[in-house]
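Hi,

Here is the model I promised to pass on. Have a look at it first, and my notes on what turned up follow below.

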Amino acid sequence: MRRLRDRFRQLRDEEGAATAEYAIATMAAVGFAGLLVVIMRSNEIRGILTELVRNALTYSP
């Protein structure tokens with residue numbers, strides 16, 4: 001019974017940790033999305049990706 005009580009006490013001490021982890025992950029995702037937006041605004045990168053998709057969708061036997 002004492003072990004169970006100790007375990008509940010440990011869980012209470014970590015209360016809010018999951019929320020902080022979600023906040024950090026969300027901030028990282030937003031930063032990565034911002035970086036992608038900056039990269040995709042480049043005409044050179046856009047042309048490379050367009051050509052890559054065009055080649056992938058073109059069928060040549």
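Leu49 is partly exposed, because its relative accessible area of 34% falls between the 20% limit for buried and the 50% limit for exposed. This residue is found in helix α3. Before going further, do keep in mind that this is a predicted model.

Leu49 is also one of the residues behind a nonpolar surface patch of about 620 Å². Its partners there are Phe32, Leu35, Leu36, Ile39, Met40 and Leu52. Two elements, α2 (17-40) and α3 (43-57), each give two or more residues to that patch. The biggest share comes from α2, with five residues.

Two of those patch residues come up again with Ile45. This isoleucine has its place in helix α3, and once you set aside its neighbours within four places in sequence, Ile45 is in contact with Ile39 and Met40. With a relative accessibility of 30%, Ile45 counts as partly exposed. Why is Ile45 not in the patch, then? Patch residues need over 30% relative accessible area, and Ile45 is listed at 30%, so it does not clear that bar on the stated value.

Now for the charges. Side chains of opposite charge can pair when their charged atoms come close. How many salt bridges does a search of the whole structure find? Just one: Arg54 pairs with Glu51, and the closest N and O atoms are 3.4 Å apart. That counts as a salt bridge because the cut-off is 4 Å. Both residues lie in helix α3, three residues apart, or about one turn of the helix. As for accessibility, Arg54 is partly exposed at 47%, and Glu51 is partly exposed as well, at 37%.

Stepping back to the whole chain, the protein has three helices and zero strands, so from the N terminus on the order simply reads α-α-α. Buried or exposed, what about the residues in general? Buried residues make up 0% of the 61 in the chain. The accessible surface comes to about 6000 Å², and carbon and sulfur atoms account for 63% of that.

Last, confidence. The chain averages a pLDDT of 83, with 82% of the residues scoring at least 70. Which element has the lowest mean pLDDT, and which the highest? Helix α1 (residues 2-13) has the lowest, at 70, while α3 has the highest, at 91. Helix α3 is also where you will find Leu49, Ile45 and the Arg54 and Glu51 pair.

Cheers

Conventions. Residues are numbered from 1 along each chain as its sequence is written. This is a predicted model: local features need pLDDT of at least 70, side-chain atom pairs count only at pLDDT 80 or more; totals for chains, interfaces and linings use all residues. Side-chain values use heavy atoms; hydrogens and water are left out. Patches are made of residues with over 30% relative accessible area and no salt bridge: like charges are joined within 9 Å, nonpolar side chains (Val, Leu, Ile, Met, Phe, Trp, Tyr) within 5 Å. Accessible areas come from the Shrake-Rupley method with a 1.4 Å probe; for residues, only the protein chains shown count as cover. A salt bridge is a side-chain nitrogen of Lys or Arg within 4 Å of a carboxyl oxygen of Asp or Glu. Helices (H or I, at least four residues) and strands (E, at least two) are DSSP runs, numbered from the N terminus. Buried means under 20% relative accessible area, exposed over 50%, partly exposed in between (1.4 Å probe, protein chains only). pLDDT is the predictor's confidence in each residue, from 0 to 100. Contact means heavy atoms within 4.5 Å.
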